[in-house]
Amino acid sequence: MKLNLLYYPKLSFLIGCCMLLSACGVTSKLKGEPDKMYSVYEKSLTESEKAKLEQKGTLIKGITLYDNRGNEVERGKLLVQKQGSKYNFVEIGDWHVTFPEQSGVDQKVGIYQVDRTFDQKGNMIAQDVFVQGKSDSLIRVEKMTSTLDTLDQKVVLVQNWQMYDKRASLTETFSHVSPEFENTLSDRFKPKYKHGKHITYNPNGDIKNTQSYDFRDKVKAR
């Protein structure tokens, strides 16, 4: 069954360097309540998968999403858990997003390819965002890696972001902390906090501005 993805997740660097896509359009939901991606994921479940969920309560499935012209846009893997009358959809493993030229999306937002990696708890632990360069080359404009750290005597997941312009020059570096990383939940529902230094750079590479955060400033929902 082909799933048309008529809703495109807004990507983090387009809205002031915040995640997603992690899938966006999310308010301050923290418990996995249904959102627009929930509807897309729910429609992907076959009758046999629903029956398996009724029996065993959990499954892992691959999923491929298409635009309204039939072009593949996104593919990845979902952990699905039955929770009462609802489901908990958690992105895990490697996800690949491509906006075909004929979709017109890359002309609007400049994004051509996104590669994300999630752990088995749904935390996004790596991301690379590319735009189309000359001669079909890809230019990376966003990179995220992650580490575990201890803050206020609590282990947290730290997402370290690097932002680049289309000339591949570094423009920003900053970190977001996820204290609820041990919960099995989609990364887009987990609260994040600014921490450490947010540094912006001039085109020549010199530091333009530095702001410091202390794990108290919440990142706005994407």
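Start by selecting strands β5 and β6 (residues 124-132), which pair in the antiparallel sense over six bridges. Two strands count as paired here if DSSP finds at least two bridges between them. Strands (E, at least two residues) and helices (H or I, at least four) are DSSP runs, numbered from the N terminus.

Before going further, a word on what is on your screen: this is a predicted model, where local features need pLDDT of at least 70, side-chain atom pairs count only at pLDDT 80 or more, and totals for chains, interfaces and linings use all residues. Residues are numbered from 1 along each chain as its sequence is written, and side-chain values use heavy atoms, with hydrogens and water left out.

**The strands around β5**

Stay with the hairpin of β5 and β6 and pick G122, which takes a positive phi near 90 degrees. Five residues lie between the two strands of this hairpin. Next, show D115 together with D128, its bridge partner in β6. Then add strand β4 (residues 86-98), which pairs with β5 (residues 113-118) in the antiparallel sense, again over six bridges. To see one of these contacts, select W95 and its bridge partner in β5, R116.

**Zooming out**

Now show the whole protein chain, with its three helices and 11 strands. Coloured from the N terminus on, the elements run β-α-α-β-β-β-α-β-β-β-β-β-β-β. Of the 222 residues, 48% count as buried, where buried means under 20% relative accessible area, exposed over 50% and partly exposed in between (1.4 Å probe, protein chains only). Switch on the surface and you have about 11,600 Å² exposed, with 47% of it supplied by carbon and sulfur atoms. These areas come from the Shrake-Rupley method with a 1.4 Å probe.

**Helix α1**

Select residues 36-44, helix α1, and highlight its buried residues M37, Y38, V40, Y41 and S44. Looking down the axis of α1, you will find them within an arc of 165 degrees, so they line one face of the helix. That arc is taken from the directions from the helix axis to the C-beta atoms. Turn to the face away from the buried side, and the exposed residues K36 and K43 are there.

**A round of salt bridges**

Side chains of opposite charge can pair when their charged atoms come close. A search of the whole structure finds 10 salt bridges, each a side-chain nitrogen of Lys or Arg within 4 Å of a carboxyl oxygen of Asp or Glu.

Begin in helix α2 (residues 47-56), where K50 and E47 are three residues apart and separated by about one helical turn. Their side chains meet in a salt bridge (3.8 Å, N to O). K50 is partly exposed at 28% relative accessibility, while E47 is exposed at 62%.

Next, select E54 and K82, whose side chains meet in a salt bridge at 3.6 Å, N to O. This pair links distant parts of the chain, with E54 in helix α2 and K82 in strand β3 (residues 72-83), 28 residues apart. E54 is exposed, at 57%, and K82 is partly exposed, at 22%.

Which residue forms a salt bridge with E91? Select R188: the closest N and O atoms are 2.7 Å apart. Here too, distant parts of the chain are linked: R188 sits in the loop between β9 (170-178) and β10 (193-201), and E91 in strand β4, 97 residues apart. R188 is buried at 9% relative accessibility, and E91 is buried at 4%.

For the last stop, return to D128, the bridge partner of D115. Add R140 and K143 to the selection: D128, R140 and K143 are linked in a network of salt bridges.
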